[in-house]
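I am opening a fresh notebook page for a structure I have not met before. Come along while I look things up one at a time.

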Amino acid sequence: MTRLSIAEELESAADRIADVSRPDLQIILRRAALMLRNVAGVPLEPAMEDALNSIAAEMKIGRSDLIQIVLREWLETNAYLPVRMIDEESETDGSA
């Protein structure tokens, strides 16, 4: 399960809390607790934190989305990931 799917499951359970059985709620909460326990943050220098936050705000995206974009582009540039091919005929909105 991904963090997004667990978040959606928690939101759904909150919306229908009266209909969720106790065992189902326990499973959902345990999955969420496990996911939170396994989240490891990456400590960054204050200057890097500020730069990331500023760029994310400027691009109107979340900080984690920006980190994913930067990391993906670095991995592609350094040949650790295959470069994504963009169809020259397709229209794009300018975002990755």
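Below are my entries on a pocket, the salt bridges and a surface patch.

**Entry 1: a word of care**

I remind myself that this is a predicted model.

**Entry 2: the largest pocket**

I began with the largest pocket and looked up its volume, which comes to about 510 Å³. Next I looked at the lining, where I found 15 residues. Val-42, Arg-63, Ser-64, Ile-67 and Gln-68 are the ones closest to the pocket's centre.

Which helix gives the largest share of the lining? I found that α4 does, with seven residues. Both α3 (46-59) and α4 (63-77) supply at least two lining residues each.

I also sorted the lining by character: ten residues are nonpolar, three are polar and two are charged.

**Entry 3: salt bridges**

How many salt bridges does the structure hold? I noted two.

I took the pair Arg-31 and Glu-9 to start with, and their closest N and O atoms are 3.3 Å apart. This pair links distant parts of the chain, since Arg-31 sits in helix α2 (residues 22-37) and Glu-9 in helix α1 (residues 3-15), with their positions 22 residues apart in numbering.

Are these two partners buried or exposed? I had to write down something in between. Arg-31 has a relative accessible area of 36%, so I list Arg-31 as partly exposed. Glu-9 has 21%, so Glu-9 is partly exposed too. The cut-off for buried is under 20%.

I then turned to Arg-63 and Glu-49, whose side chains meet in a salt bridge at 3.0 Å, N to O. Here too the pair links distant parts of the chain: Arg-63 belongs to helix α4 and Glu-49 to helix α3, 14 residues apart. I had already met Arg-63 among the residues closest to the centre of the largest pocket.

For accessibility, Arg-63 stands at 29% and so counts as partly exposed. Glu-49, with a relative accessible area of 23%, is partly exposed as well.

**Entry 4: a nonpolar patch**

Last, I went to the surface. Which residues form a nonpolar patch there? I found Leu-71, Trp-74 and Tyr-80, and together they have about 380 Å² of accessible area.

I looked more closely at Trp-74, which has its place in helix α4. Its relative accessible area is 47%, so I put Trp-74 down as partly exposed. Exposed would need over 50%.

**Entry 5: looking back**

Helix α4 kept turning up on my page. I met α4 as the source of seven lining residues of the largest pocket, as the home of Arg-63 and as the place of Trp-74.

Notes. Residues numbered from 1 in each chain as written. Predicted model: local features only at pLDDT ≥ 70, side-chain atom pairs only at ≥ 80, totals over all residues. Heavy atoms only, no water. 1 Å grid on protein atoms, 1.4 Å probe; cavity = no way out; pocket = protein on both sides within 12 Å on 5 of 7 lines; lining within 4 Å. Points joined across faces, edges and corners; volume = space filled by probe spheres on them. Helix = DSSP H or I, 4+ residues; strand = E, 2+ residues; numbered from the N terminus. Nonpolar A, V, L, I, M, F, W, Y, C, P; charged D, E, K, R; others polar. Salt bridge = Lys/Arg side-chain N within 4 Å of Asp/Glu carboxyl O. Buried < 20%, exposed > 50% of the residue type's maximum accessible area, 1.4 Å probe, protein only. Patch = residues over 30% accessible without salt bridge, like charges linked within 9 Å, V, L, I, M, F, W, Y side chains within 5 Å. Areas by Shrake-Rupley, 256 points an atom, 1.4 Å probe, with all protein chains shown as cover.
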